[in-house]
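Hello,

I am passing a structure on to you, and I hope you will enjoy going through it. Please have a look first, and then read on for what turned up.

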Amino acid sequence: MRAEEASPKAVGGSDGTGGLAIVGSGVVGTATGAGFQAKGYRVVLCDTSLDRVALLRRQGFWSIDGASLANLHPDAYFISVPTPTVEGRVDLSFVEAAAQAVGRAMIDHPGHPLVVVRSTVPPGTTEDLVGPAVGFASGREPGRGFGLCMNPEFLRAATAHDDFLHPRIIVIGALDEGSERALTEIYSPWADVPLVSLSLRTAEAMKYVANLFNATKISFFNEMHRILLVSGCDPDAAFAAATRGAEGLWNPSYGARGGAAYGGICLPKDTRGFLGFARDLGMEELMPLLRATIRVNEEMEAFQSSDGRFRAMREGASSDANGGRSQPNDEELDRDDAVRGA
Ligand SMILES: NC(=O)c1ccc[n+]([C@@H]2O[C@H](COP(=O)([O-])OP(=O)(O)OC[C@H]3O[C@@H](n4cnc5c(N)ncnc54)[C@H](O)[C@@H]3O)[C@@H](O)[C@H]2O)c1
């Protein structure tokens, strides 16, 4: 699939066959396209905004408007269109329109192209919306007529190009083995980057897990910042030391298992104790995250000790991460709690 190792058709011929098409060429799309291009792929950047197309052309990219997509037969279409939140719901209209456009463009495609969702979308979107929309417009069946993947992006807007070229991990959610193989092959120039294979839904969900955790982490430090300032402390110095010394901040497996209250000795006592300290300063109301943390944990404790619902959920759950093996039993969870709360 790459210039140095593949046939000209696979890389992308000047007749528009092969290569990669980016559908939605904003921050993520352009970083994706430029990154693949840097690795030797022939890339076309497609966008519905004519201003954007003109700008990308001035920057030296091969860029086309939406209507011209039908003239090309790339090996893969990467959908990276906006997914804004409108009135509290994720607006998937851009994703649906892009999927339909890709489907229409595929009608005369001589091969078995791959459709890859890069936009951040709620679990189920790729399987229930994108696959059927592409299928309906192209007259092909997902899996049989085209491959389907979800490949979330973690780049930061300010360092988009560098982040795409040097990712910490590459996550591939796939409909089937063939789709996974095809996208793995496209990412073969990143052989030294860990590749995480998930189901389509779990790949979609993990992007929200990552973003929501980041949002919570930032909010936590903001909440602590206020009370440390009022208490005559140096927040930056405390944070620098905590991020170097506290296991929970650097150990990827600590606290990230889910499904159990934090328990143990220190965390229940210290969370409540610090909230009492804030109360004495008249700042309890300014610690919504800490109050929520305590509440979430208390609710989890109550949930765990309630009837059989928790056990049934755990027994019914299977995860990509543990390869479908059963969830830990109570004894393991209790031991884990003790470690967490140490
Ligand atoms: N910006 C980031 O840092 C970042 C990081 C990771 C993931 N994401 C996610 O990636 C997705 C894209 O984000 P972005 O920041 O690149 O958006 P963006 O607004 O910068 O770019 C989206 C582009 O898609 C174009 N577009 C809209 N509909 C189209 C269609 N049907 N066909 C072709 N082009 C179309 C728009 O004209 C625009 O140029 C979103 O789901 C976002 O949440 C963004």
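How many residues surround the ligand, and which are the closest? Bear in mind throughout that this is a predicted model. The answer is that 27 residues surround the ligand, and Gly24, Gly26, Val28, Thr83 and Ser119 are the closest. Sorted by class, the shell around the ligand holds 12 nonpolar, 11 polar and 4 charged residues. At least two residues of the shell come from each of helix H2 (27-38), strand E2 (43-47) and helix H4 (93-105). H4 gives the largest share, with 4 residues.

Next, the sheet. In what order do its strands lie? There are 8 of them in an open sheet with mixed pairing, and the order reads E3-E2-E1-E4-E7-E8-E9-E10. Strand E3 (63-65) and strand E10 (195-199) form the edges; each has a single partner strand, so one side of each is left without a neighbour in the sheet. On average, neighbouring strands are turned by 25° against each other, direction ignored.

One pair of strands I looked at in detail is E7 (residues 114-117) and E8 (residues 147-150), which run parallel and are joined by 4 bridges. If you want a place to start in the viewer, take Leu114, whose bridge partner in E8 is Gly147.

Two helices that pack on this sheet deserve a look together. H4, which you have already met at the ligand, touches strand E1 (20-23), strand E4 (76-79) and E7, and its direction makes about 165° with that of E4. Helix H5 (residues 125-138) touches E7 and E8, with its direction at about 140° to that of E7.

H4 and H5 also meet each other. Their axes come within 7 Å and cross at roughly 35°, and the crossing is right-handed. On the H4 side the contact includes Val95, Ala99 and Val102, along with Glu96 and Arg104; on the H5 side, Leu129, Val130, Ala133 and Phe136 are among the residues that take part. By class, this contact counts 9 nonpolar, 5 polar and 2 charged residues.

H5 has a further contact, with H8. The axes of H5 and H8 come within 8 Å and cross at roughly 115°. Are the two helices parallel or perpendicular? The crossing angle is roughly 115°, and H5 and H8 are therefore roughly perpendicular to each other. Thr125, Thr126 and Glu127 of H5 meet Leu200, Arg201 and Glu204 of H8. Here the classes come to 1 nonpolar, 2 polar and 3 charged residues.

Finally, follow H8 (residues 200-230) along to helix H9 (residues 235-245). These two pack with their axes 9 Å apart, at an angle of about 130°, and are therefore oblique to each other. Their crossing is right-handed. From H8 the contact takes Phe221, Met224, His225, Leu228 and Leu229, and from H9 it takes Pro235, Ala238 and Phe239. This contact has 7 nonpolar residues, 1 polar residue and no charged ones.

For a quick tour, I would begin at the ligand, step along H4 to its contact with H5, and then go by way of H5 to H8 and on to H9.

Happy exploring, and do write back with whatever catches your eye.

Best wishes

How values were computed. Residues numbered from 1 in each chain as written. Predicted model: local features only at pLDDT ≥ 70, side-chain atom pairs only at ≥ 80, totals over all residues. Axes fitted to C-alpha atoms, helices over the stretch in contact; angles between N-to-C directions. Parallel < 35°, antiparallel > 145°, perpendicular 65-115°, else oblique. Left-handed = near helix turned anticlockwise from the far one by under 90°. Contact = placed C-beta atoms within 7 Å. Nonpolar A, V, L, I, M, F, W, Y, C, P; charged D, E, K, R; others polar. Near = placed C-beta within 6 Å. Pairing = 2+ DSSP bridges.
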